[in-house]
Amino acid sequence: MHDGPLFFPVTPFGPDGEIDPAVYAEHLEAGITAGPGAVFAACGTGEFHALDPAEHARLVRTAVRVAAGRLPVYAGAGGPLPTARALARSAAEAGADGLLLMPPYLVRPPRSGLVAYTRQVAEAGGLPLIAYHRDTARLDVGTAVEIARLPQVVGIKDGCGDLELLARMITAVETALRPSGKRFRFFNGLPTAEATAPAYRGLGVRRYSSASFAFVPEIALAFHRALATGDGSSVGRLLAAFYLPLVELRAEVPGYAVSLVKAGVRQRGLAVGGVRPPLTDPAPEHLDRLRALTDAGLAALAALPESTDR
């Protein structure tokens with residue numbers, strides 16, 4: 001992966017409700033040109049849960065084509081085991097560089113079952129795989145170590161936010177993998193990850209998902225640079241003006257972690273349509289708040305020192 005926040009593009013739907021590959025390609029090109037660390041296609045912000053296999057394959061193929069080797073493309077895979085394996089194979093055939101493994105559907109599996117699920121999906125795709133620690137795929141320390149030892153698994157993305165558990169997990173995985181020299185990364189995968197990025201950085205977790213990159217890449221990049229260079233003043237200004245108010249708005253309605261991002265992309269001029277059920281589009285008053293806090297974030301960005309916002 002390159003340096004930079006991780007780009008999770010939204011999935012555009014046209015007036016007929018079908019995916020719009022042309023708009024998707026435009027969205028991808030704008031994001032890739034801005035300079036993220038990698039593209040994660042058809043993942044959480046891309047409404048992975050609402051896509052059929054043909055749509056998923058088309059999105060991944062489009063992302064690979066538009067990226068054209070400029071940066072890695074990871075594809076979402078998960079859900080029921082047969083589906084997850086099929087999506088992993090399809091992503092490999094489309095030319096993806098890796099997979100982000102979403103949780104299995106509905107059930108909360110025992111440790112051995114979660115390891116077996118991860119192994120089978122990884123083997124089906126044959127690609128480097130990042131396991132997602134969240135929802136029905138919550139890991140304990142021992143399970144994290146077992147999963148990290150699987151040959152294709154190259155990282156764990158934390159979507160739980162238990163920093164004490166994560167600290168123990170990081171130490172145990174690093175200790176277990178040290179004799180082999182295997183390179184392994186942890187990622188901050190919480191919604192609006194910038195809000196917690198300073199805390200995760202204290203644990204050595206420097207890479208994070210940036211949903212905001214999809215609609216305000218200039219703010220996301222400035223925040224990433226400020227955090228990387230230790231510019232605490234700029235980090236604090238962007239948190240106060242944009243990210244923390246976004247967290248408050250996101251908490252208003254379940255699913256807004258995706259719906260607000262897609263609305264933000266629309267507000268900035270790209271016709272990506274609304275979200276598919278069971279998610280809902282933001283209410284009018286929430287759209288007004290989103291527009292206002294985006295304006296506040298851009299104003300805060302403009303007031304940052306030249307070294308940070310350029």
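This passage walks through the salt bridges, the aromatic pairs and one helix of the structure. The model is a predicted one, and residues are numbered from 1 along the chain.

A good place to start is with the charged side chains. Side chains of opposite charge can pair when their charged atoms come close. In this model the count comes to 8 salt bridges. One of them joins Arg70 to Glu29, with the closest N and O atoms 2.8 Å apart. Arg70 belongs to the loop between helix H2 (53-67) and strand S3 (73-77), while Glu29 sits in helix H1 (residues 21-34), so this salt bridge ties together parts that are 41 residues apart in sequence. Both partners are partly exposed: Arg70 has a relative accessibility of 37%, and Glu29 has one of 32%.

A further salt bridge brings together the side chains of Glu146 and Arg111, again with an N to O distance of 2.8 Å. Here, too, distant parts of the chain are linked, since Glu146 lies in helix H5 (residues 141-148) and Arg111 in helix H4 (residues 111-125), 35 residues apart. Glu146 is partly exposed at 32% relative accessibility, and Arg111 is likewise partly exposed, at 41%.

Asp135 and Arg134 also meet through their side chains in a salt bridge, at 2.7 Å from N to O. The relative accessible area of Asp135 is 37%, which makes this residue partly exposed. For Arg134 the value is 28%, and this residue counts as partly exposed as well. Arg134 has an aromatic contact too: the residue lies over the face of Tyr132, at 5.1 Å from the ring centre.

From there the view can turn to the aromatic rings. A pair of aromatic rings is described by the distance of the centres and the angle of the planes. The structure holds 7 aromatic pairs. In one of these, the ring centres of Phe184 and Phe186 are 5.5 Å apart and the planes stand at 65°; because this angle is over 60 degrees, the pair is edge-to-face. Both rings belong to buried residues, with a relative accessibility of 17% for Phe184 and 11% for Phe186.

Phe215 and Phe242 form a pair with another geometry: their ring centres are 6.2 Å apart and their planes are at 55°, so the pair is tilted. Phe215 is found in the loop between strand S8 (207-210) and helix H8 (217-228), and Phe242 in helix H9 (residues 232-250), so that the pair links distant parts of the chain, 27 residues apart. Phe215 is buried at 3% relative accessibility, and Phe242 is buried at 0%. These two residues are members of one aromatic cluster, together with Phe223 and Tyr243.

The last stop is helix H6 (residues 163-177). At 1.5 Å a residue, its 15 residues should span 21 Å, and the end C-alpha atoms are indeed 21 Å apart, which agrees. Within H6, the residues Leu165, Leu166, Met169, Ile170, Val173 and Leu177 are buried. These residues cover an arc of only 135° around the axis and therefore lie on the same side of H6. What do the buried residues of H6 pack against? Their partners are strand S5 (129-133), H5, strand S6 (153-158), strand S7 (185-188) and helix H7 (197-202).

Key
Predicted model: local features only at pLDDT ≥ 70, side-chain atom pairs only at ≥ 80, totals over all residues. Heavy atoms only, no water. Salt bridge = Lys/Arg side-chain N within 4 Å of Asp/Glu carboxyl O. Helix = DSSP H or I, 4+ residues; strand = E, 2+ residues; numbered from the N terminus. Buried < 20%, exposed > 50% of the residue type's maximum accessible area, 1.4 Å probe, protein only. Phe/Tyr/Trp six-rings, centres within 6.5 Å; stacked < 30°, edge-to-face > 60°. Lys NZ or Arg CZ within 6 Å of the ring centre and 35° of its normal. Expected span 1.5 Å × (residues − 1). Arc of directions from axis to C-beta. Contact = heavy atoms within 4.5 Å.
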